[in-house]
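Reader: I am new to this structure. Please take one small part, look at it closely, and then work outwards from there.

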Amino acid sequence: MTTETTATLALDEDTALAQIAATLRALPDAGLEDAEIGRETLFHDDLELESIDLVSLAGLLREHYGERVNLALFIADLELDEIIALTVGRLADYVAASLRATEES
Amino acid sequence: MAKTPTGDITTHVQRLPAGAAGGTAGEGEPPVVVLVHGLLTDSLASYYFTLGPALSAAGMDTVMYDLRGHGRTDRPPTGYRLEHFVEDLALLLDALDEHRPVHLVGNSFGGTIAAGFAAWHPERTATLTMIESEPPVAAWAGHIADGLAHARRDLVHDEAIEWIKERYGAHTARLSRNAARILQTTTLAEDVPAGRLIDDDLSALRCPLLAVFGGDSGLSAQVPELEAKVERCRTVVLPDQGHSVLVEQPGRTRDLVLDWVREHHADRPGVRAGAVG
């Protein structure tokens, strides 16, 4: 097993939100370059993301934050109606909490 | 994003090795599970957020990929017969240097591809799981030809997409627009029903078969025939469930697949039953 050489510092929810918004705007084929993205923005109805876009997002988040941020596991634990109601803010909270949990462990 | 050359196209593949998503890797050589998605509106994402992480956590090497024309895999204008899809899978396993017999799981048309692979590459197939799916026999070719002709006729109209948007929301409308683009820019609708078939007696399917259906889906009418024709066959019908078994009952589907793969992997050396969780 390899260990990560650099640890990502814990970050607050607002910073996570800004980073996720930037990642979404850069997402290939999703057409979000000029999208307004805030805490209440819905992945499903507002951004009209296809689930394959979320796979791309999962890969980018893993590249950025490391294995601790696992979007596949996060979403796999949600019910279908929760996935449909998923906001960018809720994902930001998850990212911040995942990194904080790693810091403390 | 992982892109792998497979013959004349590049295939988007996502692998979750055993234990990568948490859980334990188990002992001995892990089973390999390959997940094959369905037609037009589908992609590997249907597994990435459902079965994939659970299989990996349960100690299984998990492979998900986008079919040609779908998701982030290339979309050539022609070449959509069943044998093209089956050959893509064989080339993908070669490219991944994966030579163990694999446990195939296919949803809808993905199950038809998986059955074609099991029939034409029996030495590479450990078991076959078909979710809401038909094997590639002549009757299937008729059903899929009708369905594709219908989709191509209806989805070209903007009003149809608008109707879908009002009734099912923007997301489904986007999926439908994408499906229409596949149908308009490729020969998929003509090719899929015109491909290679297997004999009606299903004698080509020699590996163990798990077939899962929704009780409200017409496809569940195949149960008696499958049980009569396939020697090692298990069928499961989920009551009050339509065609979207994988998306609407991911937990139940996951448990069925986990039990199935464990059961058929258990007789291999170095694997302790119940050691994974």
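Author: Start with Leu246(B), which is found in helix α10 of chain B. That helix covers residues 245-248. The model is a predicted one. Is Leu246(B) buried or exposed? Leu246(B) is buried, with a relative accessible area of 1%.

Which residues does Leu246(B) touch, once its neighbours within four places in sequence are set aside? The contacts are Ser46(B), Tyr47(B), Thr50(B), Leu51(B), Asn107(B) and Thr253(B). One of these contacts, Asn107(B), has the last number in strand β5, which covers 102-107 of chain B. For a sense of distance, take Thr78(B). From Leu246(B), Thr78(B) is 168 residues away in sequence. Their C-alpha atoms are 29 Å apart in space.

Now follow β5(B) into its sheet. Eight strands of chain B make an open sheet with mixed pairing. The order is β1-β2-β4-β3-β5-β6-β7-β8. β1 (3-6) and β8 (233-238) of chain B stand at the edges. Each has a single partner strand, so one side of each has no neighbour in the sheet. On average, neighbouring strands here are turned by 25° against each other, direction ignored.

Look at one edge. β1(B) and β2(B) run antiparallel, and four bridges join them. β2(B) takes in residues 9-16. In this pair, Thr6(B) stands opposite Ile9(B).

Next comes a helix on the sheet. Helix α4 of chain B, residues 109-120, lies across three strands. They are β3 (32-36), β5 (102-107) and β6 (125-131) of chain B. α4(B) runs at about 150° to β5(B).

α4(B) also helps cover another helix, α5(B). α5(B) has 18 residues, 138-155. At 1.5 Å a residue, α5(B) should span 26 Å. Its end C-alpha atoms are 26 Å apart, so the two values agree.

Which residues of α5(B) are buried? They are Trp140(B), Ala141(B), Ile144(B), Leu148(B), Ala151(B) and Leu155(B). Seen down the helix axis, the buried residues of α5(B) fall within an arc of 100°, so they line one face. The general rule helps here. An α-helix has 3.6 residues a turn, so residues three or four places apart point the same way. On the other side of α5(B), Asp146(B) and Arg153(B) are exposed. What covers the buried residues of α5(B)? The cover includes α4, α6 (158-168), α7 (170-185) and α8 (188-191) of chain B.

One of these helices, α8(B), also meets α5(B) through charge. Arg152(B) forms a salt bridge with Glu190(B), the closest N and O atoms being 2.7 Å apart. Arg152(B) lies in α5(B) and Glu190(B) in α8(B), so the pair ties together parts that are 38 residues apart in sequence. Arg152(B) is partly exposed at 32% relative accessible area. Glu190(B) counts as partly exposed too, at 40% relative accessibility.

A second pair sits in loops of chain B. Arg100(B) forms a salt bridge with Glu29(B), with the closest N and O atoms 3.8 Å apart. Arg100(B) is in the loop between α3 (82-95) and β5 of chain B. Glu29(B) is in the loop between β2 and β3 of chain B. The two are 71 residues apart, so-called distant parts of the chain. Why does Arg100(B) count as buried? Its relative accessibility is 19%, and buried means under 20%. Glu29(B) is partly exposed, at 43% relative accessible area. Both belong to a network of salt bridges that also links Asp61(B) and Glu98(B).

Over all chains, the structure holds 14 salt bridges. One of them is in chain A. There, Asp93(A) pairs with Arg39(A), the closest N and O atoms being 2.8 Å apart. Asp93(A) sits in helix α5 (residues 88-104) of chain A. Arg39(A) sits in the loop between α1 (13-25) and α2 (51-65) of chain A, 54 residues apart from Asp93(A). Asp93(A) is partly exposed at 28%, and Arg39(A) is partly exposed at 31%.

End with α2(A). Its 15 residues should span 21 Å, and its end C-alpha atoms are 21 Å apart, which agrees. Its buried residues include Ile52(A), Leu54(A), Val55(A) and Tyr65(A). After α2(A) comes Gly66(A), whose phi is positive, near 90°.

Conventions:
Residues numbered from 1 in each chain as written. Chains lettered and ligands numbered in written order. Predicted model: local features only at pLDDT ≥ 70, side-chain atom pairs only at ≥ 80, totals over all residues. Heavy atoms only, no water. Pairing = 2+ DSSP bridges. Axes fitted to C-alpha atoms, helices over the stretch in contact; angles between N-to-C directions. Contact = heavy atoms within 4.5 Å. Expected span 1.5 Å × (residues − 1). Buried < 20%, exposed > 50% of the residue type's maximum accessible area, 1.4 Å probe, protein only. Arc of directions from axis to C-beta. Salt bridge = Lys/Arg side-chain N within 4 Å of Asp/Glu carboxyl O.
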